[in-house]
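Colleague: I have a new model open and would like to talk it through with you. Could you put it up so that we are both looking at it?

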Amino acid sequence: KELRSWVPYVLIVVLVSTGVMQVKYLNETMELFDNTQVVPIYYILFTLSTITGSAMLYQDFYNQPVTAVGTFVIGCLMCFTGVALLTSGRIAPDDAPSPGSAHDTTPSSLEGASGERVK
């Protein structure tokens with residue numbers, strides 16, 4: 001009965017086209033910028049758009065007390081802050097120390113000529 005209407009077909013076309021565009025632009029962005037910049041921003045924007053769409057479609061916040069909405073917003077902000085903190089300490093590949101330099105801490109750089117560990 002629902003498949004006789006034009007609405008499901010339009011929704012499927014919109015779903016597929018936006019999914020393809022999302023993957024296309026995400027790949028282009030990852031070619032231009034480092035993953036430590038792209039992935040957190042993508043995660044936060046995807047989460048916000050999902051929450052917004054769900055709130056509009058299912059009226060998630062309708063008749064909710066202000067404290068419940070405020071707690072939800074604070075929880076989202078804490079999650080986003082955690083993502084920012086986790087990715088802020090990473091070194092970009094361009095800034096990484098070269099192998100064998102004084103700042104290189106890979107296991108191979110910590111071994112002496114005879115294979116023993118250098119302190």
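Modeller: Read along the sequence, the protein follows the pattern α-α-α, with 3 helices and 0 strands, where helices (H or I, at least four residues) and strands (E, at least two) are DSSP runs numbered from the N terminus. This is a predicted model, in which local features need pLDDT of at least 70 and side-chain atom pairs count only at pLDDT 80 or more, while totals for chains, interfaces and linings use all residues. Residues are numbered from 1 along each chain as its sequence is written, and side-chain values use heavy atoms, with hydrogens and water left out.

Colleague: What share of the residues counts as buried?

Modeller: Of the 119 residues of the protein, 8% count as buried, where buried means under 20% relative accessible area, exposed means over 50% and partly exposed lies in between (1.4 Å probe, protein chains only).

Colleague: And how do α2 and α3 pack?

Modeller: Helix α2, residues 35-58, and helix α3, residues 66-88, pack at an angle of about 170° with their axes 9 Å apart; the axes are lines fitted to C-alpha atoms, for helices over the stretch in contact, and angles run from 0 to 180 degrees between N-to-C directions. That makes α2 roughly antiparallel to α3, since angles over 145 degrees count as roughly antiparallel, under 35 as roughly parallel, 65 to 115 as roughly perpendicular and the rest as oblique.

Colleague: Which residues make that contact?

Modeller: On the α2 side they are T36, P40, Y43, I44, T47, L48 and I51, and on the α3 side F72, C76, C79, F80, V83 and T87, with contact meaning heavy atoms within 4.5 Å. By class the contact of α2 with α3 has 10 nonpolar, 3 polar and no charged residues, where Ala, Val, Leu, Ile, Met, Phe, Trp, Tyr, Cys and Pro count as nonpolar, Asp, Glu, Lys and Arg as charged, and the others, Gly among them, as polar.

Colleague: Which residues of α3 are buried, and what covers them?

Modeller: C76, F80, V83 and T87 are the buried ones in α3, and what covers them includes α2.

Colleague: Same for α2, please.

Modeller: In α2 the buried residues are V38, P40, T47 and A55, and their cover includes both α1 and α3.

Colleague: What about the lengths of these two helices?

Modeller: For α2, 24 residues at 1.5 Å a residue should span 34 Å, and its end C-alpha atoms are 33 Å apart, which agrees. For α3, 23 residues should span 33 Å at the same rise of 1.5 Å a residue, and the end C-alpha atoms are 32 Å apart, which also agrees. The expected span here is 1.5 Å times one less than the number of residues in the helix.

Colleague: Now the other pair: at what angle do α1 and α2 pack?

Modeller: The angle between α1 and α2 is about 150°, with their axes 9 Å apart, and that makes α1 roughly antiparallel to α2. The contact is made by Q22, L26, T29 and M30 of α1 together with N35, V38, V39, Y42 and F46 of α2, and it divides into 6 nonpolar, 3 polar and no charged residues.

Colleague: N35 turned up there; what else can you say about N35?

Modeller: Leaving aside its neighbours within four places in sequence, N35 is in contact with M30 and P40. N35 is partly exposed, with a relative accessible area of 40%, and its C-alpha atom is separated by 9.7 Å from that of T87, 52 residues apart along the chain.

Colleague: Changing topic, how many salt bridges are there?

Modeller: The count comes to 1 salt bridge, taking a salt bridge as a side-chain nitrogen of Lys or Arg within 4 Å of a carboxyl oxygen of Asp or Glu. The pair is E28 with K24, whose closest N and O atoms are 2.9 Å apart, and both residues lie in helix α1, residues 7-32, 4 residues apart, about one turn of the helix.

Colleague: Are those two buried or partly exposed?

Modeller: E28 counts as partly exposed at 36% relative accessibility, and K24 is partly exposed at 41%.

Colleague: Last one: where do the positive phi values of Q59 and N63 lie?

Modeller: Q59, with a positive phi of about 50° although it is not a glycine, lies in the loop between α2 and α3. N63 lies in that loop between α2 and α3, has a positive phi of about 60° although it is not a glycine, and is exposed, with a relative accessible area of 65%.
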